[in-house]
Every structure is written in C-alpha cells, then in structure tokens.
Amino acid sequence: MAATSTSPLFSLSSISASLPSPTRLPTTLSLRALSPRACLSVSLPFASPHGVYGTWAAASTSTSSAGRLRRRGLEVVCEAATGRRPDSVAKRERQNEKHRIRNHARKAEMRTRMKKVFRALEKLRKKADAQPEEIIEIEKMISEAYKAIDKTVQVGALHRNTGNHRKSRLARRKKAIEIVRGWYVPNAEPVAAT
C-alpha cells in the first residue's frame with residue numbers, strides 16, 4: 001500500500017474511513033483531489049467474503065462532482081457490484097436468443113414467399129402467350145405472402161409500416177403485369193346501368 005501526496009489534505013486514515021463495507025465488492029474506486037495542487041496515487045488490496053481478491057487503484061484529478069462523498073479534501077467514488085449477474089439478466093438473455101431465432105425464421109419465410117411471387121410475376125411478364133387465368137395462381141401465392149408478412153408483423157419481428165410497404169410492392173408488381181398484358185385498365189369508368 002503506497003500513498004504519495006503533496007498536500008496535507010490526504011491521509012490513509014481518511015481514505016480507509018471512506019471505503020465501503022467488505023461485504024460489497026467494489027469494481028472501481030477512484031479518488032479525486034479537490035485541491036488542484038494535490039497529487040495522489042494509491043492502491044489498496046481487498047478480499048471479499050466470497051473469495052474474490054483484487055486491488056483498488058486510484059489516481060487523482062482536480063475535478064470535483066457534487067453528490068459524492070467528500071472527506072477532508074478528497075472525493076471517493078466507488079462502484080460496488082457483486083460478482084454474479086441477477087437471474088433476470090440471464091433469463092432475458094435466454095428469451096432474446098429464443099426470440100431472435102424465431103424472428104429470423106419468420107422473416108426468412110416471408111422473404112421466400114415474396115421471392116416466389118416476384119419470380120412467378122417475372123416469368124408471366126416474359127411469357128409470350130400468357131392467359132388471364134394464369135394470374136389466379138399468382139394471386140394465391142400473393143395471399144400466402146400476405147399471410148406470412150402479417151404473421152411477422154404480429155409477433156413484432158417487423159414494423160407494421162414495413163409490412164404494409166412489402167405488401168404494397170407485391171400488389172404494385174402484379175398490377176403492372178396486368179396493365180402491360182391489357183388485363184386491367186386503370187381509371188376505367190364503370191358503365192352506369194340506367
């Protein structure tokens with residue numbers, strides 16, 4: 001244990017009186033001099049009842065902070081923590097991993113169904129002798145993609161605006177193919193029955 005000081009404000013008795021009880025395990029201890037002329041360097045060994053050993057090391061600075069323990073011109077800042085994490089942290093980590101895997105599976109299914117629809121629409125667009133009845137099969141695939149997107153949004157793996165955007169992409173792509181083929185006429189006036 002070593003202490004050097006150029007100011008009479010510091011003493012080892014004031015440092016040891018400021019230390020926390022031995023039942024708590026401080027992870028860091030810093031000592032700050034309130035006087036700009038003071039210089040302090042100290043290292044204090046500690047042992048806990050839990051069998052953990054270590055040292056407290058400190059270096060002085062000239063800054064001060066309100067609300068901390070001040071003793072004879074010396075500021076002692078301790079962070080105490082036990083060596084083990086709470087059970088709630090471990091449980092949260094298990095839940096996060098489980099949710100990550102589940103969310104990944106949902107997103108993968110959604111992306112796969114969307115790709116199938118896009119491929120089918122592209123094939124229909126390139127086909128020379130396409131018939132309007134062929135779009136019915138693609139509409140079934142779009143319905144399955146919508147279902148996968150809605151499930152992904154429902155479990156919270158995807159924001160609802162993102163889900164709506166993806167459904168809109170599918171509908172727009174289908175509508176574009178129908179317009180190119182002449183199966184759909186946009187802004188067509190309905191015939192009024194009189």
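**A nonpolar core shared by three helices**

The largest nonpolar core holds 17 residues. Those with the most contacts inside it are Met110, Met114, Val117, Leu121, Leu124, Ile138 and Leu170. Helix 2, helix 3 and helix 4 each give two or more residues to this core. Helix 2 gives the most, with seven residues. In soluble globular proteins, nonpolar side chains tend to be buried together. The model described here is predicted.

The core belongs to a chain with four helices and six strands. Along the sequence, these elements follow the pattern β-α-β-β-β-β-β-α-α-α. Of the 194 residues of the chain, 24% count as buried. Contacts with a sequence separation of 6 or more were also examined. Residues 24 or more positions apart account for 69% of them.

Helix 2 covers residues 87–126. Its length was checked against the expected span. At 1.5 Å a residue, its 40 residues should span 58 Å. The end C-alpha atoms are 59 Å apart, which agrees with that expectation. The buried residues of helix 2 are Met110, Met114, Val117, Phe118, Ala120, Leu121 and Leu124. These buried residues pack against helix 3 and helix 4. Leu121 illustrates the packing. Leaving aside neighbours within four places in sequence, Leu121 is in contact with Ile135, Ile138, Leu170, Arg173, Lys174 and Ile177. Leu121 is also listed among the core residues with the most contacts, as are Ile138 and Leu170.

Helix 3 spans residues 134–154, and helix 4 spans residues 160–181. Their axes come within 9 Å and cross at roughly 170°. Angles over 145 degrees count as roughly antiparallel. Helix 3 is therefore roughly antiparallel to helix 4. On the helix 3 side, the contact is made by Ile135, Glu139, Ile142, Ala145, Tyr146, Ile149, Asp150 and Val153. Helix 4 contributes Arg160, Gly163, Arg166, Lys167, Leu170, Ala171, Lys174 and Glu178. By class, the residues of this contact divide into eight nonpolar, one polar and seven charged.

Two of the charged residues in helix 4 were followed in detail. Lys167 lies in helix 4. Its relative accessibility is 18%, so Lys167 counts as buried, the cut-off being under 20%. Beyond its neighbours within four places in sequence, Lys167 is in contact with Tyr146, Ile149 and Asp150. Tyr146, Ile149 and Asp150 are among the helix 3 residues that make the contact with helix 4.

Glu178 is also found in helix 4. At 10% relative accessibility, Glu178 counts as buried. Not counting residues up to four places away in sequence, Glu178 touches Ile135, Glu139, Trp183 and Tyr184. Ile135 and Glu139 are among the helix 3 residues of the contact with helix 4.

Val185 lies in the segment after helix 4. With a relative accessible area of 55%, Val185 is exposed, because the cut-off for exposed is over 50%. Val185 and Lys175 are 10 residues apart in sequence. In space, their C-alpha atoms are 9.7 Å apart.

Technical notes: Residues numbered from 1 in each chain as written. Predicted model: local features only at pLDDT ≥ 70, side-chain atom pairs only at ≥ 80, totals over all residues. Heavy atoms only, no water. Axes fitted to C-alpha atoms, helices over the stretch in contact; angles between N-to-C directions. Parallel < 35°, antiparallel > 145°, perpendicular 65-115°, else oblique. Contact = heavy atoms within 4.5 Å. Nonpolar A, V, L, I, M, F, W, Y, C, P; charged D, E, K, R; others polar. Buried < 20%, exposed > 50% of the residue type's maximum accessible area, 1.4 Å probe, protein only. Expected span 1.5 Å × (residues − 1). Core = buried A, V, L, I, M, F, W, Y, C linked by side-chain atoms within 4.5 Å.
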